[in-house]
Amino acid sequence: MIERKADRFRLYPTIEQERQMARIAGTCRFVYNLALEQRREWWRQHKAIAGRSISFAGQCRELTTLRAEVDWIRAAPIHPLQQALRDLDRAFQNFFTGRADYPPPRRKGVDDRFRFPDPNQFQIERTGRSSGRVKLPNLGWICFRGWYPMPGAAANVTLSRRAGQWFAAVQCEREIAEPALSTLPRVRIDLGVAVFAALSDGTNIEPANHGKKALRARRRAQRALARKKRGSANRRKAIRRVAKIQQRVANARKDFLHKRSIEIAQNHGTVVVEALEVRNMSASAKGTAENPGRKVRQKAGLNRAILDQGWSMFRAMLAYKLADRGGRLIEVPAAYTSQTCPVCGHVSAANRESQPDFVCVACGHTANADTNAAINIPRRADSALKPVEEHRAKRPREAGTSRRKAA
């Protein structure tokens with residue numbers, strides 16, 4: 001089978017190269033937003049006419065005409081502009097199939113990226129023990145740091161800017177054999193906030209809470225940003241300061257998730273986790289003016305704690321790392337796993353009155369609440385769910401929350 005993986009490198013361009021990359025990213029952003037507006041207007045005018053549609057190929061032909069008329073668009077390489085149109089076409093395909101929301105316009109400072117899809121247009125070579133350089137059209141050679149051998153043949157290069165720093169993501173392709181089925185033991189994981197991950201073997205992984213640790217510095221930087229005049233140089237510096245704090249938090253969180261996920265993937269063949277709906281769990285409790293919510297501030301703090309854990313990213317990392325080793329990841333519904341007794345099967349919110357303790361009110365079974373939930377999870381993977389209609393009116397509390405903090 002063909003394996004595709006991307007490696008990201010930190011670029012160190014010259015001042016002129018950085019300006020040129022910003023111009024190319026701005027041109028790609030303009031073409032993307034222009035094509036998005038064209039599709040929106042096309043739909044408004046022709047939605048009643050059957051068989052009429054706008055396509056990626058048609059917009060590419062119009063891009064050629066536009067480049068002949070506008071000099072600053074013609075100055076940018078053609079392939080990144082076409083890739084911007086392809087990204088838009090893929091975004092609409094995901095929207096029509098229900099996999100994503102309607103494509104939003106790209107914004108300056110947020111969506112600064114472009115891609116070179118032809119391997120014949122770029123070169124990558126090593127220049128030192130831990131350094132290298134990449135040659136790109138209209139940019140020349142750009143140095144980067146963090147060299148390591150490519151796992152396969154380079155297929156494309158995507159350049160992106162985050163917090164004022166430029167990165168190059170090189171996607172490589174290679175043919176590999178199907179990995180043998182793993183014979184390592186099976187484990188069940190209960191994800192939470194007070195305990196990041198509770199394994200069914202009794203191991204607990206404490207949360208890192210990188211966002212909570214940087215919350216004070218981020219708030220101070222955001223307050224300073226709010227006082228700056230729009231369009232000023234000081235405001236741009238303040239925006240960069242906030243972005244750097246957020247990037248440090250994101251990098252630390254990703255490092256933590258990579259280390260924890262590789263430990264689990266190396267020691268277990270099958271991992272069963274809860275399919276937590278993070279978007280629903282972290283929804284605001286503010287409500288409306290007519291129907292305001294309750295305990296909004298407490299729910300906001302819980303939402304920050306949930307988003308700080310990175311559960312979705314953790315599951316994605318586990319999935320591909322297990323697949324590389326012949327293992328598999330199984331996701332099961334998460335409802336009532338923390339309120340179900342593994343001995344008698346009794347389901348009740350009274351079984352877990354506090355975060356760390358589980359006490360069954362029916363049979364008296366006691367255990368650590370997170371470990372108890374991890375033991376219940378594999379039952380969802382091996383058998384059909386038992387009906388719990390009598391508990392639907394009660395809102396379940398997931399591991400890591402308490403009755404006092406739940407909204």
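Two strands count as paired when DSSP finds at least two bridges between them. Keep that in mind as we look around this predicted model.

**The sheet**

Here we have an open sheet of 5 strands, and its pairing is mixed. Reading across it, the order goes β10-β9-β8-β11-β12. The strands at the edges are β10 (204–205) and β12 (328–332); each has a single partner strand, so one side of each is left without a neighbour in the sheet.

Now zoom in on β8 and β11. These two strands pair in the parallel sense, over 3 bridges. If you want a spot to find on the screen, look for V187, which stands opposite V271 in β11.

There's a helix to go with these strands, too: α10 lies across β8, β11 and β12, and α10 runs at about 145° to β12.

**Two helices that meet**

Next up are α1 and α2. Their axes are 12 Å apart, and the helices pack at an angle of about 125°. That angle makes α1 oblique to α2, because oblique covers what is left once the roughly parallel, antiparallel and perpendicular ranges are taken out. As for handedness, α1 passes α2 in a right-handed crossing.

Who touches whom? On the α1 side you'll find V31, L34, A35, Q38 and R39, and they meet F56, Q59, E62, L63 and L66 in α2. Sorted by class, this contact has 6 nonpolar, 2 polar and 2 charged residues.

Here's where to find some of these elements:

| Element | Residues |
|---|---|
| Helix α1 | residues 15–46 |
| Helix α2 | residues 56–69 |
| Strand β8 | residues 186–191 |
| Strand β11 | residues 270–274 |
| Helix α10 | residues 311–324 |

Key. Residues numbered from 1 in each chain as written. Predicted model: local features only at pLDDT ≥ 70, side-chain atom pairs only at ≥ 80, totals over all residues. Heavy atoms only, no water. Axes fitted to C-alpha atoms, helices over the stretch in contact; angles between N-to-C directions. Helix = DSSP H or I, 4+ residues; strand = E, 2+ residues; numbered from the N terminus. Parallel < 35°, antiparallel > 145°, perpendicular 65-115°, else oblique. Left-handed = near helix turned anticlockwise from the far one by under 90°. Contact = heavy atoms within 4.5 Å. Nonpolar A, V, L, I, M, F, W, Y, C, P; charged D, E, K, R; others polar.
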